[in-house]
Amino acid sequence: MSSTLGVFRAEFEGSNDIGVFARLTNKYCLVAQSNSENFYSVFEEKLADHVPVIHATIGGNKIVGRLCVGNSNGLILPNSCSDQELQYLRDCLPDEIAVVRVDDRLSALGNTIACNDHVALIHPEIDPTTEEIIADVLGVEVFRQTIGNNPLVGACAAFTNVGGLVPPMTSIEEQDELATLMQIPIAHGTVNRGSDVLGGGLVVNDWVGYVGRHTTGPEINVVESIFGLNTEETTGLIGEDAKHAFIETL
């Protein structure tokens, strides 16, 4: 991407928890199948020229954002994903994306794992075999972690290669620790008029973000700032360059 697209509001069948129904990475976007085309269209309008936008179910469910986790290297699905759904996703995704199923009792992978293209934070009780698969398939360093004492790291936070957003209850010390682990700047924020379930109300990659329709202007400003979605000068910066640029900005 040569420039950022910005942050856009969306809702799914009246729900502002759009992260429950979508999974967005730099290489693809999964969107829940729905009787309404509006949700799909909001994503397709901005993304279709850049990445595939795929209608999907997982285990027959619409909550694709809560059930799977992925990045530019791979997509990990729960054991509830059917053979047909698995093959469909493999057919639709770019060839370089590894797609695997895991059998873990913590099957809501989108709730229990938060990652970008380099690092994954996981629920402290995820099975060791699953941890190995996460590291291998997503090509990331893996850390067992809570955020503000919440083990559902995927539900309460959002990360890209440029920045990360965590709930206001996260201490400054923990925020600094996360920034060191992830090697990106981390900010406090909310969505949907004060909700700290950031993974539920926000989906974002390195150049575009979507938030629930109830998200306020000031909340969007924070999302734009920490993920670099409002300044073309910072587009494409990752790692240390992005870290220094955003620390100076914030």
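Two rings of Phe, Tyr or Trp pair if their centres lie within 6.5 Å; planes under 30 degrees apart count as stacked, over 60 as edge-to-face and the rest as tilted. The model shown in these views is predicted.

**View 1. Aromatic pairs and one aromatic cluster.** The whole structure holds five aromatic pairs. One cluster joins Phe8, Phe12, Phe21, Phe39, Phe43 and Tyr210. Two of its pairs are described in the next two legends.

**View 2. The tilted pair of Phe8 and Tyr210.** The ring centres of Phe8 and Tyr210 are 5.9 Å apart, with 40° between the planes. Phe8 belongs to strand β1 (residues 6-10) and Tyr210 to strand β15, so this pair ties together parts 202 residues apart in sequence. Which of the burial classes does Phe8 fall into? Phe8 is partly exposed, at 21% relative accessibility. Tyr210 is buried, with a relative accessible area of 0%.

**View 3. The edge-to-face pair of Phe12 and Phe39.** The planes of Phe12 and Phe39 meet at 80° and the ring centres are 5.0 Å apart, so the pair is edge-to-face. Phe12 sits in the loop between β1 and β2, and Phe39 in helix α1; the pair links distant parts of the chain, 27 residues apart. Phe12 is buried at 2% relative accessible area. Phe39 is buried too, at 3%.

**View 4. Surroundings of Phe39.** What does Phe39 touch, leaving aside neighbours within four places in sequence? Its contacts are Ala10, Glu11, Phe12, Ile18, Phe21, Ala22 and Val31. Phe12 is thus both a contact of Phe39 and its ring partner.

**View 5. The largest nonpolar core.** This core has 36 residues. Phe39, Phe43, Leu47, Leu75 and Leu77 touch the most other members. Elements giving two or more residues to the core include the helices α1 (38-47), α2 and α3 (83-92). The strands that do so are β2, β3 (29-32), β4 (53-56), β6 (74-78) and β15 (208-212).

**View 6. The cavity and its lining.** A search of the whole structure finds one cavity of 30 Å³ or more. Its volume is about 330 Å³. The lining counts 29 residues, and Arg23, Leu24, Cys115, Phe159 and Val204 are the closest to the cavity centre. By class, the lining has twelve nonpolar, 13 polar and four charged residues.

**View 7. Elements around the cavity.** Which elements each supply at least two residues of the lining? They are β2 (22-24), α2 (64-67), β5 (69-70), β8 (113-115), β11 (158-159) and β14 (202-204). Both β2 and α2 also give two or more residues to the nonpolar core of View 5.

Notes: Residues are numbered from 1 along each chain as its sequence is written. This is a predicted model: local features need pLDDT of at least 70, side-chain atom pairs count only at pLDDT 80 or more; totals for chains, interfaces and linings use all residues. Side-chain values use heavy atoms; hydrogens and water are left out. On a 1 Å grid over the protein atoms alone, a cavity is a set of points where a 1.4 Å probe fits but cannot get out, and a pocket is an open set with protein on both sides within 12 Å along at least five of seven lines; lining residues have an atom within 4 Å of a point. Grid points are joined across faces, edges and corners, and a volume is the space filled by probe spheres set on the points. Helices (H or I, at least four residues) and strands (E, at least two) are DSSP runs, numbered from the N terminus. Ala, Val, Leu, Ile, Met, Phe, Trp, Tyr, Cys and Pro count as nonpolar, Asp, Glu, Lys and Arg as charged, and the others, Gly among them, as polar. A nonpolar core is a set of buried Ala, Val, Leu, Ile, Met, Phe, Trp, Tyr and Cys residues joined through side-chain atoms within 4.5 Å. Buried means under 20% relative accessible area, exposed over 50%, partly exposed in between (1.4 Å probe, protein chains only). Contact means heavy atoms within 4.5 Å. Rings of Phe, Tyr and Trp (its six-membered ring) pair if their centres lie within 6.5 Å; planes under 30 degrees apart count as stacked, over 60 as edge-to-face and the rest as tilted.
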